[in-house]
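Open the model in your viewer and hide everything but the cartoon. The stops below are given in the order to select them.

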Amino acid sequence: MPSSRHCIRLTGASAPIAVGKIVCLARNYVAHAQELGNEVPAEPVLFIKPASSLLADGGQIRIPPYSSDCHHEVELALLIGRSGQAISAANAMELVSGYGVALDMTLRDTQNRLKAKGLPWELAKGFDTACPLSDFVPADQVSDPHQLRIQLRVNGELRQDGCSDCMIHRIPQLLSFISQAFTLEPGDIVLTGTPAGVGPVVSGDVLEASIDQVGQLRVSVA
């Protein structure tokens, strides 16, 4: 059995679920792409976080010493419950077994430095504690994943306030696209992008994220 750090819980499940890969989507909300000066992509932009980046509700984010500009990005997370490879968009939702609240913590200074050199972003996106994640609720408890209010507060101040209906690439198309390259397997997690309002956090900050019908997530910065 893997350590609990690499497991998540689905409400109603009898045991923790071991996490595989965490596939993340960048620039999936127009306003967020624009606030960072990025082009709105014609197709999904993907990156992967390791399972070791997971942080449970109530945990502490630890900013690596090589960064001085860590940003919050609140996201709707999908839990994959069935295997799928090269699936069609019409069948993609059958793979989703649950929904959760996630934070894609990003070392913006490190990311910008790497992007300027044309290098991958893993140092900025995949560090330990870079993926705070709530428990998951069963998919059938969410009436429409594209009609969910997504919010993030830092020290009680509202920083991000968006809705999943503003996704550029909807969940069925996203899962179909991912599965052309990576076989999706039970225990995989997909992060669907963040709305506008991202910004820096520092030591002592408390982050509270919420998504309607899905749940809440509260973490702090060490």
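**The largest nonpolar core**

Select L76, Y99, L103, L175, V190 and L207: in the largest nonpolar core, which has 44 residues, these touch the most other members. The coordinates are those of a predicted model. Next, colour the elements that each supply at least two residues of this core: β3 (22-26), β8 (74-80), β9 (96-103), β13 (149-154), α4 (171-181), β17 (206-211) and β18 (215-221).

Now centre on L175. Which residues is L175 in contact with, leaving aside its neighbours within four places in sequence? Show L78, I80, I87, A92, V96, L184 and V190 as sticks; these are the contacts.

A second core, separate from this one, has 18 residues. Select A26, A77, A102 and W121, which are among them.

**Helix α4**

Go back to α4 and show its side chains. The buried residues here are I171, P172, L174, L175, S176, I178 and S179. To see what covers them, switch on β3, β4 (45-49), β8, β9 and β15 (189-191), which are included in the cover.

**A three-stranded sheet**

Finally, select β10, β7 and β16. In that order the 3 strands form an open sheet with antiparallel pairing. β10 (106-107) and β16 (199-201) are the edge strands; each has a single partner strand, so one side of each lacks a neighbour in the sheet. Zoom in on β7 (residues 70-72) and β16, where 3 bridges join the two strands in the antiparallel sense. For one pair to label, take C70, whose bridge partner in β16 is V201.

Note on methods. Residues are numbered from 1 along each chain as its sequence is written. This is a predicted model: local features need pLDDT of at least 70, side-chain atom pairs count only at pLDDT 80 or more; totals for chains, interfaces and linings use all residues. Side-chain values use heavy atoms; hydrogens and water are left out. Two strands pair if DSSP finds at least two bridges between them. Helices (H or I, at least four residues) and strands (E, at least two) are DSSP runs, numbered from the N terminus. A nonpolar core is a set of buried Ala, Val, Leu, Ile, Met, Phe, Trp, Tyr and Cys residues joined through side-chain atoms within 4.5 Å. Buried means under 20% relative accessible area, exposed over 50%, partly exposed in between (1.4 Å probe, protein chains only). Contact means heavy atoms within 4.5 Å.
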